[in-house]
Amino acid sequence: MSTKMLCASARTRFIPSFSLLPPQPIYRRPNCLIHHRRNHITMSAQDQVVEHVVLVKVKPDVDSSKVAAMITGLNGLTSLNLTLHLTAGQLLRSRSSSLNFTHMLHSRYRSKDDLQQYAVHPEHVRVVTENIKPIIDDVMAVDWMSNGASSVSLKPGSAMRVTFVKLKENLGENEKSRVLEVIGGIKDEFPRIEELSVGENFSHDRAKGYTIASVAVLGGPADLEALDSNAELVQLHKEKVKDLIESVVVVDYVIPPPQAANL
């Protein structure tokens, strides 16, 4: 669900600006990662999922029933065989001052092609046209490839911290790789993070210039607070790459209980 997806018709075959996968960085850690701590899932370098995260800002004067219809419509898209995992709802908090969003959709796909088919699927187009476009002020989306099992899903009640990073202009691949490496290494320092997915955005025209994204999954909201309480360690990681970063968007989200499909 993005600015381009919002305007997609059922006849559209491809989403604009889907680029080839970026070149691998020079360090040994892969530039797209998914780490699991508790899930008993065997992963290999060949297993990949496509992460799709969309943030929207609902107009302040919108009736609550229309917001509920948007959330119900989006969660109903889990019925589409294209999606491995999909959740949509209100953010727990938005931590960014420049871009203030209210709701989020997070979904996973086996391939870019499945994501493209989801974007132009008639039911997705209907939900976007009828329930989303009329009530939102702003939208942004980021898509990336992440190594992991194609069956991976997230349990209700889990907390998510989503981070989008905009790098400074004219940086080379070495600097970009450095940022990816530092973000990918965060899980080693924070044991409360059960899963960490990191990657480089491949839908640049829909992401407001943000090129790196991550999703950290924790057991629940209390784990987010514990993460924030370790201010010294958080600051240490920021210091490693602060000179390479122009701005960051950070939001927190708790996966709600599943809704009955409305398709």
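This text goes through a predicted model of one protein chain, from its overall make-up to its pockets, its cavity and one pair of helices.

The protein chain has 263 residues, and 52% of them are buried. Its secondary structure consists of eight helices and 10 strands. Contacts between residues at least 6 apart in sequence can be sorted by how far apart the partners are, and 83% of them join residues at least 24 apart.

The empty space comes next. Rolling a probe the size of a water molecule over the atoms shows where such space is left. The largest pocket holds about 780 Å³. Its lining is made of 26 residues, and those nearest the centre are T163, I186, V234, K238 and V250. Several elements give two or more residues to this lining: the strands β7 (159-167), β8 (193-200), β9 (212-218) and β10 (245-254), together with the helices α5 (173-184), α7 (221-229) and α8 (231-241). Helix α8 provides the largest share, six residues. By class, the lining of the largest pocket has 15 nonpolar, six polar and five charged residues.

The second largest pocket has a volume of about 170 Å³. Here 12 residues form the lining, with N75, L86, P256, P257 and P258 nearest the centre. Strand β3, which covers residues 85-90, gives the most to this lining, namely three residues. The lining of the second largest pocket contains seven nonpolar and five polar residues, and no charged ones.

Besides these pockets, the model has one cavity of 30 Å³ or more. The volume of this largest cavity is about 50 Å³. It is lined by 11 residues, and V56, M70, L74, H103 and M104 are the closest to its centre. The elements that contribute two or more residues to the cavity lining are β2 (48-58), α2 (64-75), β3 and β5 (103-109). Strand β3 is thus named for the cavity lining and also for the lining of the second largest pocket. Nine residues of the cavity lining are nonpolar and two are polar, while none is charged.

Two of the helices that line the largest pocket, α5 and α8, also pack against each other. Two packed helices are described by the angle between their axes and the distance between the axes. For α5 and α8 the angle is about 170° and the axes are 9 Å apart. Angles over 145 degrees count as roughly antiparallel, so α5 is roughly antiparallel to α8. On the α5 side the residues that meet the other helix are R178, V179 and V182, and on the α8 side they are H237, K240 and V241. This contact of α5 with α8 is made up of three nonpolar, one polar and two charged residues.

One residue of that contact can be followed further. H237 is located in helix α8. Is H237 buried or exposed? A residue is called buried under 20% relative accessible area, and H237 counts as buried because its relative accessibility is 9%. With its neighbours within four places in sequence left aside, H237 is in contact with V182, G185, I186, E189 and F190. Among these partners, V182 belongs to the α5 side of the helix contact, and I186 is one of the residues nearest the centre of the largest pocket.

Notes
Residues numbered from 1 in each chain as written. Predicted model: local features only at pLDDT ≥ 70, side-chain atom pairs only at ≥ 80, totals over all residues. Heavy atoms only, no water. 1 Å grid on protein atoms, 1.4 Å probe; cavity = no way out; pocket = protein on both sides within 12 Å on 5 of 7 lines; lining within 4 Å. Points joined across faces, edges and corners; volume = space filled by probe spheres on them. Helix = DSSP H or I, 4+ residues; strand = E, 2+ residues; numbered from the N terminus. Nonpolar A, V, L, I, M, F, W, Y, C, P; charged D, E, K, R; others polar. Axes fitted to C-alpha atoms, helices over the stretch in contact; angles between N-to-C directions. Parallel < 35°, antiparallel > 145°, perpendicular 65-115°, else oblique. Contact = heavy atoms within 4.5 Å. Buried < 20%, exposed > 50% of the residue type's maximum accessible area, 1.4 Å probe, protein only.
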